[in-house]
Amino acid sequence: MTPAPPRTKTESPYTGVGSFGWLKWALPVFLVLFPLVASDLVLRRTSQTLVLVLAVLGVNLATGYTGLISLGHGVFVGIGAFAMANLLDEMNLNFFIALPLATLVAGFAGFILGLPALRIRGIYLALITFGFALAFGPVVRRLGSITGGPSGRPIDRNIDPPAALGLPEGWYPEYRYLISLIVVAIWFVLAKNLVDSRIGRATRATRDNEIAAVVFGINPTLIKSGVFSISAAMAGTAGALQAWLFPFVSHEQFGVFLSLRLYAAAVLGGLGNIAGAIYGVVALLIVNVFNRIVGAIGSDAIVFGLGLIVLTYFAPHGIAGVIERQNARQEPKPDEQ
Amino acid sequence: MELFIQRLFDGLFNGAIYASLALAIVTIYRSTGLLNFAQAELATFSAYVGLVFAGGSVGAGFGGALPGTGLLENWPGYPYPVPVAVLVAAIFGMVAGALIELVIFRGLERGSALALVNVTIGLLIIVSGLTAQFFGTSARIFPELFPAGFDDFVSIGGARLRYTTLGSWATLLVVLGLLVLFMNRTKAGLAFRAITSNREGARLVGVPVGRTLMLGWAIAGGLGALAACLTAAVVSFSPFTMLGALIYSLAAATLGGLDSPKGAVVGGLIVAQAQTLMPAYLGLPTELAVLAAVIVLVVVLLFRPSGLFGTARVERV
């Protein structure tokens with residue numbers, strides 16, 4: 001008599017909490033030691049990449065874990081960035097106070113804009129969030145006193161490290177990189193704990209079958225509203241960090257294509273998988289490098305879009321899904337041990 | 001009063017554009033249940049392809065000649081009259097639409113909402129890349145399709161109804177008439193209506209579902225291309241112009257009822273009038289009219305998902 005085969009990760013349609021594999025230890029070590037070897041320019045680019053990963057994680061939390069298709073997370077990145085610009089520059093606040101405040105502002109915006117998601121789902125929610133993304137640019141251009149209008153606004157105050165640290169100016173890129181890394185890492189730990197917790201199971205239950213979730217005593221209203229706000233806050237932190245790293249904000253940075261790129265990266269990396277956000281942004285970077293080699297204007301978009309379509313057909317759980325399938329194959333089966 | 005009529009007329013042109021684009025979106029939605037977010041990008045690309053035939057840019061300082069025009073310079077009769085270019089654009093849009101259905105969406109007939117959205121966004125990103133690759137990203141001025149000079153208007157009650165507006169609506173109405181005839185008088189039209197009312201039933205009685213869906217996509221592609229050409233003939237046209245119109249078209253389609261062609265046209269008119277009248281009479285800044293479109297989108301989907309003319313969705317639980 002053979003015992004029932006153990007359930008492997010690949011059996012469930014979504015891979016649940018997701019595993020980092022060897023990345024779990026290698027990536028943090030690499031990232032912490034990275035400033036020792038990297039030039040200032042590379043560090044700046046990497047800081048920006050970390051910020052992008054955070055925004056993609058926000059999309060993943062809403063779309064992947066809770067099933068709220070969001071084509072509009074670029075809006076929250078933008079709100080976080082413009083909030084940060086005003087908090088630092090106009091209100092003259094310290095970075096460490098402004099960052100959580102900007103996050104809260106974006107989270108609150110997410111709560112308000114996420115209200116339709118309580119009643120509308122699937123492709124209609126995609127429609128509404130796409131509408132938000134399309135409308136954000138024109139609205140920002142109009143609200144010139146806050147956003148700098150069509151030309152954007154620079155941020156002049158409170159962007160340097162605190163004077164108490166006594167850092168020489170040459171170390172500023174390292175400082176900014178490490179702060180970004182810490183903030184992004186905190187969000188990753190929070191997100192991982194959230195999706196592993198009771199709330200995380202409730203979000204997945206709501207995503208897969210809302211009525212069954214209600215029967216089990218889950219309050220979908222609370223779950224959807226809460227998770228959408230948190231995911232918007234995450235995107236807002238990303239925007240705030242971006243505004244601080246490159247102290248200039250304008251509507252052009254937060255147009256509809258930012259939202260779509262974030263969504264595409266989340267899908268490519270693997271929805272419903274924390275590590276998927278990293279894979280998705282890595283894919284985005286590889287495509288960008290390809291673009292620089294080919295030297296054609298739109299080629300990165302063409303490759304990225306093609307990747308999205310091909311993956312939807314052949315690997316619906318994204319790059320993370322492919323990697324986990326490989327890992328599951330390599331693991332020895334229990335009865336062979 | 002004169003001013004009021006003038007404002008109504010001003011909104012009419014945008015109404016034609018929004019109605020065409022909304023009609024394209026509705027045509028695909030009612031046959032496949034898919035919201036084609038890439039419609040504006042497809043329309044833009046088709047219009048550029050067509051307008052290469054018309055000789056590209058005529059204005060100075062707007063990106064110069066359209067890339068690709070050089071290929072055609074030795075063809076007899078080049079540059080071709082604008083109506084020919086528009087026809088080429090529409091045919092290109094139709095062929096592209098049909099091919100997209102065949103290659104990309106055929107395999108997803110039973111796909112989840114998530115899969116459909118993913119593929120649509122992938123398509124949008126690809127086509128935007130293709131447009132940037134082939135035609136650049138700068139704004140251009142295209143030759144006029146209808147006389148658009150300073151004196152080219154009909155005066156009604158002191159207000160000016162411009163020839164471009166009249167011509168756009170005439171074009172749209174002719175196309176609509178042909179579509180209605182096609183849907184009600186031909187076998188392919190009958191097959192299309194059968195699929196929109198019950199796809200599985202239609203398949204069982206032998207309607208070629210795939211081919212008919214291709215037809216729907218072709219119609220949508222053609223309508224979108226037409227909308228983009230009408231726009232390009234009037235305003236300076238960049239790859240992002242139609243994206244600006246897309247939010248209003250989506251609002252128009254939703255307001256009219258996502259599965260109602262009549263609703264798309266009426267919705268297009270209402271949204272366009274709201275866009276011109278609200279800033280004028282409520283003192284809203286012009287750019288914030290876009291907020292009205294978003295509010296229409298949200299409110300209609302929340303409280304009356306079937307819109308003005310659509311059929312109510314019934315969800316089995």
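Leaving aside its neighbours within four places in sequence, which residues is Pro161(A) in contact with? I shall open with that residue, then turn to chain A as a whole, to the contact between chain A and chain B, and finally to two residues of chain B. Please bear in mind throughout that this is a predicted model.

The answer to the opening question is Leu167(A), Tyr172(A) and Tyr175(A). Pro161(A) itself sits in the loop that runs between β1 (153-154) and α7 (172-196) of chain A. Its relative accessible area is 9%, and because buried means under 20%, Pro161(A) is classed as buried. For one of its partners, Tyr172(A), I can also give the spacing: the two residues are 11 apart in sequence, and their C-alpha atoms are 7.1 Å apart in space.

Let me now step back to chain A. The chain contains 14 helices and 2 strands. Its length is 337 residues, of which 55% count as buried. The accessible surface amounts to about 15400 Å², and carbon and sulfur atoms account for 67% of that surface. As for the contacts within chain A, consider those between residues at least 6 apart in sequence: 79% of them join residues at least 24 apart.

I turn next to the interface. How many residues does each chain bring to the contact? Chain A brings 42 residues and chain B brings 49 residues. The area buried between chain A and chain B is about 3900 Å², with 83% of it coming from carbon and sulfur atoms. On the side of chain A, three residues deserve to be named: Ile123(A), Tyr124(A) and Leu127(A) together supply 17% of the area that chain A buries against chain B, more than any other three residues.

With regard to specific interactions, the count of salt bridges between chain A and chain B is 0. There are 5 residue pairs in polar contact between the two chains, counting pairs with both residues at pLDDT 80 or more. Three helices of chain A, namely α5 (122-142), α11 (256-269) and α13 (299-314), each supply at least two residues of the side that touches chain B. Of the elements on that side, α5(A) gives the most, with 14 residues. Sorted by class, the side of chain A that touches chain B has 32 nonpolar, 7 polar and 3 charged residues.

Finally, two residues of chain B, each with a polar side-chain atom placed by the backbone of another residue. Asn36(B) lies in the loop between α1 (2-32) and α2 (39-52) of chain B. Is Asn36(B) buried or exposed? It is buried, with a relative accessible area of 0%. A polar atom of the Asn36(B) side chain is 3.0 Å from the backbone nitrogen of Ala38(B). Neighbours within four places in sequence aside, Asn36(B) is in contact with Ile25(B), Ile28(B), Leu42(B), Thr120(B), Leu123(B) and Trp217(B).

The second residue is Gln273(B), which belongs to helix α11 (residues 261-282) of chain B. Its relative accessible area is 14%; because the cut-off for buried is under 20%, Gln273(B) is placed in the buried class. Here the backbone partner is an oxygen, that of Leu8(B), at 3.0 Å from a polar atom of the Gln273(B) side chain. Again setting aside neighbours within four places in sequence, the contacts of Gln273(B) are with Arg7(B), Leu8(B), Gly11(B), Leu12(B) and Met278(B).

How values were computed
Residues numbered from 1 in each chain as written. Chains lettered and ligands numbered in written order. Predicted model: local features only at pLDDT ≥ 70, side-chain atom pairs only at ≥ 80, totals over all residues. Heavy atoms only, no water. Helix = DSSP H or I, 4+ residues; strand = E, 2+ residues; numbered from the N terminus. Buried < 20%, exposed > 50% of the residue type's maximum accessible area, 1.4 Å probe, protein only. Polar contact = N/O pair within 3.5 Å; in protein donor to acceptor, adjacent residues only side chain to side chain. Contact = heavy atoms within 4.5 Å. Buried area = accessible area lost by both parts, 1.4 Å probe. Salt bridge = Lys/Arg side-chain N within 4 Å of Asp/Glu carboxyl O. Nonpolar A, V, L, I, M, F, W, Y, C, P; charged D, E, K, R; others polar. Areas by Shrake-Rupley, 256 points an atom, 1.4 Å probe, with all protein chains shown as cover.
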